[in-house]
Amino acid sequence: MNSPSQLSPKTTTFTEESLKKQFRISEFLAEKIISSVAFLSIAFIFLIFIFVFKESLPLFNSESGSKEKTEASVITANKPETYGTASEELKPESYGTEPEAELKPETYGTESVSNEELKPESYGDTPKEDLSVSPSEETTEVVSQNQEGADKTWSTFFTTEWVPVSDNPRFGLLGLLIGTLKVTIIAMLIAGPLAVLAALYTSCFASKRVKEIIKPIIEMLAAFPSVVIGFFALMVLASFFQDVFGYDSRLNAFIGGIAMALAAIPIIYTISEDALAAVPKTYTEASLALGASKWQTAFFVVLPAATPGIFAALLLGVGRVFGETMIALMATGNAALVSANPFESVRTFAATIGSEMAETVFGETHYSVLFFIGSLLFIFSFALNAVAEFYVKGKLLKKFQGK
Amino acid sequence: MKDIKIKVNDLSLYYGEKKALNEITMEIPANKVTALIGPSGCGKSTFLRCINRMNDLIPNVSIKGEMLVEGIDIYNKNVDVVNIRKKIGMVFQKSNPFPKSIYENIAYGPRINGIKDKTQLDEIVETSLRQAAIWDELKDRLDDSALGLSGGQQQRLCIGRTLAVSPDIILMDEPASALDPISTSKIEELIHQLKEQYTIIIVTHNMQQAARTSDQTAFFYMGNLIEMGKTNSIFTNPVQKQTEDYITGRFG
């Protein structure tokens with residue numbers, strides 16, 4: 001708050017007035033806005049998780065009780081009502097079918113074996129079952145199962161059959177889990193080395209001109225809609241690799257993995273390239289001055305120095321593949337099989353949600369299970385990030401960079 | 001002079017169009033310390049980097065003339081730059097240890113030269129650290145990160161790393177410019193010990209350092225080699241006016 005007469009240094013004196021603490025409104029506002037936006041984005045992530053998890057809560061509690069009603073009623077007023085009323089009345093009816101299911105654990109095993117052999121056809125069957133039940137009946141029936149079926153649903157989680165729409169629904173998550181892991185591993189085995197090596201090439205070997213051409217092109221792949229990649233895999237890659245390897249199911253984990261690798265490569269590439277380019281030139285110079293060749297420098301100095309960034313890039317790639325829905329839907333065959341063969345069809349978590357969420361009945365077990373899968377995806381990626389964080393900070397860095 | 005290690009004939013260097021070194025001709029004796037002095041931007045660092053072809057890394061550099069190391073022109077097309085750098089090590093202005101452990105920093109050079117034997121590596125690490133006069137400080141913490149060392153220790157580690165590949169010639173680009181006087185004196189002492197076995201060429205801004213450490217001094221100005229001779233005579237009785245002005249601090 002200087003008056004014009006105080007502008008020249010001679011007349012300026014340190015008075016309490018001139019040194020008084022000032023309140024800068026614009027700075028204050030900017031600070032608050034930035035922090036609130038930041039917290040908002042963090043809060044969004046948690047809210048999404050809470051929402052997803054809440055929708056799957058009926059699975060955890062067969063007598064979901066009044067507590068949940070009140071919580072759920074905020075978002076969905078209908079759901080709790082149907083729970084309470086429909087279930088108890090219809091319980092006896094559904095009991096007729098259920099004991100069979102509960103007594104069946106052994107038969108499950110045999111069934112699944114036969115199913116595996118007959119896979120394609122048996123999968124085609126499920127829609128038939130769907131059709132046989134009229135929509136209105138289905139709602140009431142399934143809701144009834146939801147009520148006392150929570151424990152039963154849990155017990156089916158660890159089986160291998162994914163038959164969510166049936167008189168006797170089975171929600172075997174193992175098949176989906178194995179499918180997801182299979183596709184993720186295949187995709188990362190392809191995308192990881194390719195992308196990291198491409199990044200290493202552009203940052204350490206390529207001339208400036210080549211780099212200026214290659215980098216935007218690979219990054220353009222990131223802008224490809226996954227539908228397009230999925231379509232490409234579905235039409236071109238699938239036929240091509242079937243001709244090459246001659247396996248039975250045209251769409252399988254391998255094709256899905258390749259397609260997802262295409263989606264993950266640009267992400268991994270961009271971030272690891274940035275990490276590699278951020279390695280100080282002095283390391284490169286020091287290494288070269290010791291008589292190391294270019295590739296020795298790239299592999300033994302630049303790459304280890306960029307490890308944290310490359311790890312982050314790989315993690316983002318895993319995250320992308322893990323949650324990739326459209327490509328999985330189009331290219332993996334969508335059959336929840338349990339096998340180690342990469343050329344068998346698989347069904348991933350994300351694809352399951354993507355394909356079934358629109359057709360499931362609001363509030364029934366299937367619906368809850370889908371949301372449960374959603375929270376599983378969340379938990380997996382959180383766990384992955386946490387483990388990686390600790391591992392990278394703890395072990396890997398020490399190994400490469402000393403204690 | 002007896003025993004010439006490096007002989008430079010009419011060496012010119014261009015950054016694109018700009019001439020950075022103008023027909024340098026000089027002889028650098030073996031097992032002596034040669035200091036290159038001159039104001040900033042005079043080309044002394046550029047010249048130093050010519051000796052182990054580090055300028056190859058910079059695009060648009062073209063070099064004319066001869067750089068004979070033990071009679072072989074290192075800019076000959078048939079000469080492998082990697083092998084040159086194994087013979088001619090370099091210590092940089094800013095200490096640049098790798099983000100690895102102390103042990104790995106030293107072992108890196110021998111390792112890329114194909115030495116895999118652990119006991120042999122241990123031996124090399126110890127001798128090079130001893131030669132770099134830093135063994136006693138570091139022997140108990142070889143597995144620690146080199147980035148945790150002080151600036152002076154890092155620089156001596158870098159010298160040790162250079163020694164580990166047993167070069168003939170060591171180039172030092174202002175090795176002590178970022179260090180405190182104590183670390184500086186340690187490094188100067190080190191240079192003294194090393195010159196019995198190695199040919200050392202050192203670029204420095206510090207006139208006293210040049211006077212203290214070197215046997216020969218070359219004065220660069222605006223890309224030209226103005227004067228070269230015994231350090232004593234350069235500092236006490238310079239032939240050229242420019243040299244005298246620079247040394248006495250009248251310009252530069």
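The radius of gyration is taken over C-alpha atoms, and the globule rule that goes with it is 2.2 Å times the number of residues to the power 0.38. Keep that rule handy for the first exercise.

Before you start: this is a predicted model, in which local features need pLDDT of at least 70, side-chain atom pairs count only at pLDDT 80 or more, and totals for chains, interfaces and linings use all residues. Residues are numbered from 1 along each chain as its sequence is written, while chains are lettered from A and ligands numbered from 1 in the order in which they are written.

**Exercise 1. The build of chain B**

Work out what radius of gyration a compact globule of 252 residues would have, and set chain B beside it.

Solution.
- Step 1: put 252 residues into the rule, and a compact globule comes out near 18 Å.
- Step 2: chain B has 18 Å, which agrees.
- Step 3: for the outline, take the principal axes; along them the C-alpha atoms of chain B fill a box of roughly 55 × 45 × 35 Å.
- Step 4: look at burial. A residue is buried if 20 or more other C-beta atoms lie within 10 Å of its own, exposed if 12 or fewer, and partly exposed in between, with C-beta atoms placed from the backbone. In chain B, 48% of the 252 residues are buried.
- Step 5: list the elements. Helices (H or I, at least four residues) and strands (E, at least two) are DSSP runs, numbered from the N terminus. Chain B has 10 of each kind, helices and strands.

**Exercise 2. How sure is the predictor?**

Find where in chain B the confidence is lowest and where it is highest.

Solution.
- Step 1: the score to use is pLDDT, the predictor's confidence in each residue, from 0 to 100.
- Step 2: the average for chain B is 86, and 98% of the residues score at least 70.
- Step 3: helix H10 (residues 241–247) of chain B is lowest, at a mean of 84, and strand S8 (residues 199–203) of chain B is highest, at 90.
- Step 4: for the complex, the predictor gives an ipTM of 0.87 and a pTM of 0.74.

**Exercise 3. Two odd phi angles**

Look at B:Asn31, then decide: is B:Asn31 buried, partly exposed or exposed?

Solution.
- Step 1: most residues other than glycine have a negative phi.
- Step 2: B:Asn31 isn't a glycine, yet its phi is positive, near 50°.
- Step 3: you'll find B:Asn31 in the loop between strand S2 (18–29) and strand S3 (33–37) of chain B.
- Step 4: B:Asn31 has 15 C-beta neighbours inside 10 Å, so it counts as partly exposed.
- Step 5: now try B:Arg53, another non-glycine with a positive phi, about 60°. B:Arg53 sits in the loop between helix H1 (44–51) and strand S4 (61–69) of chain B. With 21 C-beta neighbours inside 10 Å, B:Arg53 counts as buried.

**Exercise 4. Who touches B:Ile74?**

Name the residues that B:Ile74 touches, leaving out those up to four places away in sequence.

Solution.
- Step 1: two residues are in contact if their C-beta atoms, placed from the backbone, lie within 7 Å.
- Step 2: B:Ile74 is in the loop between strand S5 (72–73) and helix H2 (81–87) of chain B.
- Step 3: B:Ile74 counts as buried because it has 22 C-beta neighbours inside 10 Å.
- Step 4: its contacts are B:Arg53, B:Met67, B:Val69, B:Val79 and B:Ile84.

**Exercise 5. Where the chains meet**

Describe the side of chain A that touches chain B: which element gives the largest share?

Solution.
- Step 1: 19 residues of chain A are in contact with 27 residues of chain B.
- Step 2: helix H12 (281–289), helix H13 (294–305) and helix H17 (365–401) of chain A each give two or more residues to that side of chain A.
- Step 3: H12(A) gives the largest share, six residues.
- Step 4: sort the residues by class. Ala, Val, Leu, Ile, Met, Phe, Trp, Tyr, Cys and Pro count as nonpolar, Asp, Glu, Lys and Arg as charged, and the others, Gly among them, as polar. The side of chain A that touches chain B has 10 nonpolar, six polar and three charged residues.
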